[in-house]
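Please look at the sequence and the model below before reading on. The report then takes up one helix, the chain as a whole, its domains and another helix.

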Amino acid sequence: MKAEAIVYESNTGFTKKYAELLSQTTGLAAYARSEVGTQLKKGAEVIFMGWLMAGGVKGYKQALRKYHVKALAAVGMGSPTDKVVSDIVKKYSISQTPVFYLQGGFDINKLHGLYRFMMLNMAKMMDNTAKKKETKTDEELLMLDLIKNSRDFVSADKLEPIITWLR
Ligand SMILES: Cc1cc2nc3c(=O)[nH]c(=O)nc-3n(C[C@H](O)[C@H](O)[C@H](O)COP(=O)(O)O)c2cc1C
């Protein structure tokens with residue numbers, strides 16, 4: 001195994017679900033970043049999983065200060081594309097660490113405060129833009145659907161590339 005544990009940061013539960021599924025399959029313990037306590041030493045080799053917020057991976061910078069992050073998995077609501085991964089690589093100037101993207105989901109009912117406000121605003125803006133357009137891209141249709149209806153895309157098979165890397 002290329003890592004000794006999984007550390008994750010999750011707001012509405014999708015990343016947590018992936019971390020738990022990965023833990024079940026690999027036998028690696030999974031810890032929420034804020035709850036690790038003394039269970040992992042500074043410099044422990046971990047795979048970090050965090051949710052995507054405006055293109056950034058929540059908790060990743062903090063995790064880097066404490067652990068040796070051997071691989072990064074970002075969980076967002078968008079479709080998996082090479083661009084999502086390359087944007088993350090660029091944003092954090094990653095050179096060696098493997099970066100994975102997992103489509104998590106979206107649930108407006110689990111969002112509160114500023115995050116809820118931000119997403120409701122984004123939904124309104126997207127709705128207005130979409131109304132003006134005759135044809136919408138698949139990604140625009142997906143976002144509109146997600147924000148209105150909430151969706152869960154988490155599935156164990158999406159973890160295959162990470163499991164292959166880990167072994
Ligand atoms: C304020 C905010 C910003 C977000 N920005 C992005 C984004 O840039 N890209 C993306 O794919 N998903 C984005 N999302 C969606 C979350 O990353 C997605 O719902 C993820 O599955 C949440 O994981 P969690 O349940 O572990 O918190 C955003 C969500 C919120 C609330």
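## The first helix

In helix α1, the residues Phe-14, Thr-15, Lys-16, Tyr-18, Ala-19 and Leu-22 are buried, where buried means that 20 or more other C-beta atoms, placed from the backbone, lie within 10 Å of a residue's own (12 or fewer would make it exposed, and anything in between partly exposed). The model is a predicted one, in which local features need pLDDT of at least 70 and side-chain atom pairs count only at pLDDT 80 or more, while totals for chains, interfaces and linings use all residues. Residues are numbered from 1 along each chain as its sequence is written.

Helix α1 covers residues 14–26, which makes 13 residues, and its first and last C-alpha atoms are 18 Å apart, close to the expected 18 Å; the expected span is 1.5 Å times one less than the number of residues. After α1 comes Gly-27, which has a positive phi near 85 degrees.

## The chain as a whole

The chain has six helices and eight strands, both being DSSP runs numbered from the N terminus (H or I over at least four residues for a helix, E over at least two for a strand). Read from the N terminus, the order of these elements is β-α-β-β-β-α-β-α-β-β-α-α-β-α. The chain is as compact as a globular protein of its 167 residues, because its radius of gyration of 17 Å is close to the 15 Å given by the globule rule, which is 2.2 Å times the number of residues to the power 0.38, the radius itself being taken over C-alpha atoms.

Of the 167 residues, 27% count as buried. Among contacts with a separation of 6 or more, 72% join residues 24 or more positions apart, a contact being two C-beta atoms, placed from the backbone, within 7 Å.

## Two domains

The domain assignment divides the chain into domain 1 (5–107 + 152–166) and domain 2 (108–148), with bounds that come from an automatic or database assignment. The centres of the two domains, taken over C-alpha atoms, are 25 Å apart. Eight residues from domain 1 and nine residues from domain 2 take part in the contact.

## Helix α5

How many of the 12 residues of α5 are buried? The count is one, so that this helix is hardly covered. Helix α5 runs over residues 138–149, and its end C-alpha atoms lie 16 Å apart, which agrees with the 16 Å that its 12 residues should span at 1.5 Å a residue. Just after α5, Ser-150 has a positive phi of about 65 degrees.
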